[in-house]
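Reader: I should like to discuss the reasoning behind the terms used for this model. Please set each value against its criterion.

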Amino acid sequence: MISPKDPIQLIRDGDWIRANGTTLGADNGIGIALMMSLVEDESVKHPRLELLLTVEEESGLVGADTLDPTLLTGKTLINVDSETEGVFTVGCAGGGSVYMILPVTWDSQKQNEVAFELKVSGLQGGHSGEDINKFRTNANKLIARILDFIQRDMEIRLSTLKGGTARNAIPRDAEAVFVCAKDNATLCKEKFSAIQAVVQSELAKTEAGLVLTLNEISGESSRTINSAETQAAIRLLMALPHGVTSMFADMPAFVETSNNIGVMELKEDGLSVVSTNRSAVFSRLDEITRRVETVAWLAGAKTERTKMFPPWQPNMASPLLKQCVDTYRGIVEEDPKIELTHGGLECGIISDRCGGLDTISMGPTIRDLHSPEERLYVPSLAKTWEFLKTLPAI
């Protein structure tokens with residue numbers, strides 16, 4: 001078992017590098033490594049550089065949003081936080097999160113009740129921006145569906161419920177402990193077997209690693225919430241939207257608006273749920289945020305939204321973009337792709353705070369970000385390094 005304090009053990013798997021039992025952290029450790037190599041390698045000729053490292057990017061673009069613009073003098077920004085080599089990103093979705101808390105009261109398991117532990121595991125997970133359109137099942141939504149199916153024919157009361165590790169990661173695992181009357185124990189198992197068969201069949205092609213388990217547990221009595229609150233919690237999770245809301249009308253390959261139910265946990269004061277919302281259109285970002293809030297309010301939950309960051313709008317006439325395309329073409333002898341991303345990047349925020357910067361985002365190829373399967377494609381790193389060394393001053 002690897003603990004959070006253990007060093008990352010790197011594994012070379014053909015042309016890929018991954019970590020043993022944990023996320024690699026290439027997002028965005030490799031960007032920092034590239035920046036430091038540029039200034040430390042005395043053989044590389046480059047103009048005067050300013051290296052900007054921000055904090056708390058994954059938890060809400062906090063560092064970029066609080067940047068002191070007087071720290072920087074340059075007017076050209078190359079962001080090394082993209083995940084596909086050969087792609088220059090020129091715009092991204094805006095985003096923000098809604099934190100919900102559904103109040104509960106606590107009681108104790110009764111003598112005539114039996115406890116069950118329900119687990120969802122083995123899902124692919126992934127990044128809620130980059131992977132939201134790749135048919136990745138959300139463990140938080142799936143466990144709510146299973147609980148809802150079971151409680152249709154019997155009264156259950158939740159003791160624990162939790163899933164997900166980060167607001168911007170699609171949850172891979174979730175678990176719940178609930179109680180029901182001993183007389184309903186056999187029916188509970190039958191209901192689980194029925195929904196298990198349905199779900200496994202539905203997801204056979206997209207989530208081959210899915211594992212669903214239900215086990216009766218014994219020992220000390222569980223602390224539970226009442227049946228009405230259990231039903232409200234399950235209904236809230238069932239009703240909350242998740243996934244792609246709309247694609248670009250004029251660019252059907254790109255996601256316009258989405259949200260991710262990233263983290264949930266039944267805590268002392270209630271069921272805590274976090275939805276991260278994204279859109280390339282600011283008015284629709286407000287719409288999906290309001291939709292999530294409205295569902296929460298109808299369930300009786302309290303909400304608090306984070307700051308909503310506007311989208312980074314593309315500039316196709318950018319001198320930096322033209323220079324990058326020409327340089328890449330000279331190295332690789334093919335044209336790079338010019339794209340927008342549904343993931344959140346700091347470029348627009350930094351540019352706005354600094355009075356307008358000519359900006360692109362690029363980087364080596366990384367897959368399955370924010371998951372234990374995260375990996376870096378080594379040949380793409382060599383190309384990225386050669387590009388950065390060759391790119392002339394703008």
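Author: The model is a predicted one. Among contacts in the protein chain between residues at least 6 apart in sequence, 77% join residues at least 24 apart. The chain has nine helices and 21 strands, and buried residues make up 47% of its 394 residues.

Reader: How do you know whether the radius of gyration agrees with that of a compact globule?

Author: For 394 residues, a compact globule would have a radius of gyration near 21 Å; the protein chain has 24 Å, and the two are therefore taken to agree. Along the principal axes, the C-alpha trace spans about 75 × 45 × 40 Å.

Reader: What makes the end-to-end distance of helix α9 agree with its number of residues?

Author: Helix α9 covers residues 378–390. At 1.5 Å a residue, its 13 residues should span 18 Å, and the end C-alpha atoms are 19 Å apart, so the expected and computed spans agree.

Reader: Which residues of α9 are buried, and why are they said to line one face of the helix?

Author: The buried residues of α9 are Ser380, Thr384, Trp385, Phe387 and Leu388. Viewed down the axis of α9, these buried residues fall within an arc of 160°, and therefore they line one face of the helix. They pack against α1 (26–40), β3 (76–79), β4 (87–92), α7 (319–332) and β21 (375–377).

Reader: Does the reasoning carry over to α1, and what covers its buried residues?

Author: For α1, 15 residues at 1.5 Å each should span 21 Å; the end C-alpha atoms lie 20 Å apart, which agrees. Buried in α1 are Ala26, Asp27, Ile30, Gly31, Leu34, Met35 and Leu38. Down the axis of α1 the buried residues fall within an arc of 155°, so they line one face of the helix. Their cover includes β20 (366–367), β21 and α9.

Reader: How many aromatic pairs does a search of the whole structure find, and why is the pair of Phe88 and Tyr328 called by the name it has?

Author: The search finds four aromatic pairs. The ring centres of Phe88 and Tyr328 are 5.9 Å apart and the planes stand at 80°. Centres must lie within 6.5 Å for a pair, and planes over 60 degrees apart count as edge-to-face; the pair is therefore edge-to-face. This pair links distant parts of the chain, with Phe88 in strand β4 and Tyr328 in helix α7, 240 residues apart.

Reader: Are Phe88 and Tyr328 buried or exposed?

Author: Buried means under 20% relative accessible area. Phe88 has 2%, so Phe88 is buried; Tyr328 has 4%, so Tyr328 is buried.

Reader: Why is the pair of Phe88 and Phe387 classed as it is?

Author: The ring centres of Phe88 and Phe387 are 5.4 Å apart and their planes are at 40°. Planes under 30 degrees apart count as stacked and those over 60 as edge-to-face, so this pair is tilted. Phe88 in strand β4 and Phe387 in helix α9 are 299 residues apart, and the pair links distant parts of the chain. Phe387, at 1% relative accessibility, counts as buried. Ring pairs link Phe88, Tyr328 and Phe387 into a cluster.

Reader: What makes the charged end of Arg375 sit over the ring of Trp16?

Author: The distance criterion is within 6 Å of the ring centre, together with a direction within 35 degrees of the ring normal. The charged end of Arg375 sits over the ring of Trp16 at 5.0 Å from its centre. Likewise, Lys191 lies over the face of Phe149, 3.9 Å from the ring centre.

Key:
Residues are numbered from 1 along each chain as its sequence is written. This is a predicted model: local features need pLDDT of at least 70, side-chain atom pairs count only at pLDDT 80 or more; totals for chains, interfaces and linings use all residues. Side-chain values use heavy atoms; hydrogens and water are left out. Helices (H or I, at least four residues) and strands (E, at least two) are DSSP runs, numbered from the N terminus. The expected span of a helix is 1.5 Å times one less than its number of residues. Buried means under 20% relative accessible area, exposed over 50%, partly exposed in between (1.4 Å probe, protein chains only). The arc is that of the directions from the helix axis to the C-beta atoms. Contact means heavy atoms within 4.5 Å. Rings of Phe, Tyr and Trp (its six-membered ring) pair if their centres lie within 6.5 Å; planes under 30 degrees apart count as stacked, over 60 as edge-to-face and the rest as tilted. The radius of gyration is taken over C-alpha atoms; the globule rule is 2.2 Å times the number of residues to the power 0.38.
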